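Let's take a walk through a protein model together. Have the sequence and the 3D view ready, and turn the model as you read.

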Amino acid sequence: MREVARLLLHDHLALRAGEEERVAEAVDAAGVERTRIERGRRRRPATVFEKVTVTRIACRGTGVEDLHPADAALNLPSGMHAHGLARPAAIEATRGSFAEARERVDAVTGAGAGHRQIQELVLAAAADIDAFYDALAPAPCTDTTPLILSADGLGVVMRGRQGQR
């Protein structure tokens, strides 16, 4: 079944590659424009269904890294391993060693990730943990923030105006 799913994903990506059109303006975050394109650029990311081939257009410029609009449209990671492998790697690494995590992830997905790749996926998954918990901290209250207390545990009863029911 995994092979069928991999073939379906591969065919979907091939169909998208055939329909991919050149973007009007290819400009990176620094404002550097890419004026040339190269069709047929290939990449083989490891997914939860094993490796697949992604063919896409490369927007090229002189002395700058190529841009691949399809990578953004497909939400492909910058590395070789797809995002779907990071979650099982992180979950399995919390249950035991990296070697055991590699064995379990490989058994479930067939991705063939190595020991070092599992470590990198787990570290990348935990990279923003501080920012995550900082975002959960509530903002300080101001003088305009309403304070509502309920001492009976039943909540605050809201009553409408007289005549409205």
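In this predicted model, the chain has a radius of gyration of 25 Å, whereas a compact globule of 165 residues would come out near 15 Å. You can picture the space involved as a box: along the principal axes, the C-alpha atoms fill roughly 70 × 45 × 35 Å.

Now follow the chain from its N terminus. The elements come in the order α-β-β-β-β-β-β-α-α-α-α-α, which gives six helices and six strands. How much of the chain is buried? Of its 165 residues, 24% count as buried. The chain exposes about 12,100 Å², and carbon and sulfur atoms supply 54% of that area.

Contacts and charges add to the picture. Among contacts with a separation of 6 or more, 52% are between residues 24 or more positions apart. The chain also carries 22 positive and 23 negative charges, and the mean positions of these two groups are 4 Å apart.

Let's zoom in on one residue, Arg34, which you will find in strand S2 (residues 33–34). Is Arg34 buried or exposed? Its relative accessible area is 6%, and because buried means under 20%, Arg34 counts as buried. What does the side chain of Arg34 reach? The answer is the backbone oxygen of Glu65, at 2.7 Å. Leaving aside residues up to four places away in sequence, Arg34 touches Ala26 and Asp28, and also Cys59, Arg60, Gly61, Val64, Glu65 and Leu67. Try selecting these residues in the viewer to see the surroundings of Arg34.

Methods. Residues numbered from 1 in each chain as written. Predicted model: local features only at pLDDT ≥ 70, side-chain atom pairs only at ≥ 80, totals over all residues. Heavy atoms only, no water. Helix = DSSP H or I, 4+ residues; strand = E, 2+ residues; numbered from the N terminus. Rg over C-alpha atoms; globule rule 2.2 N^0.38 Å. Buried < 20%, exposed > 50% of the residue type's maximum accessible area, 1.4 Å probe, protein only. Contact = heavy atoms within 4.5 Å. Areas by Shrake-Rupley, 256 points an atom, 1.4 Å probe, with all protein chains shown as cover. Lys, Arg positive; Asp, Glu negative; His and termini not counted. Charge placed at Lys NZ, Arg CZ, Asp CG, Glu CD. Polar contact = N/O pair within 3.5 Å; in protein donor to acceptor, adjacent residues only side chain to side chain.
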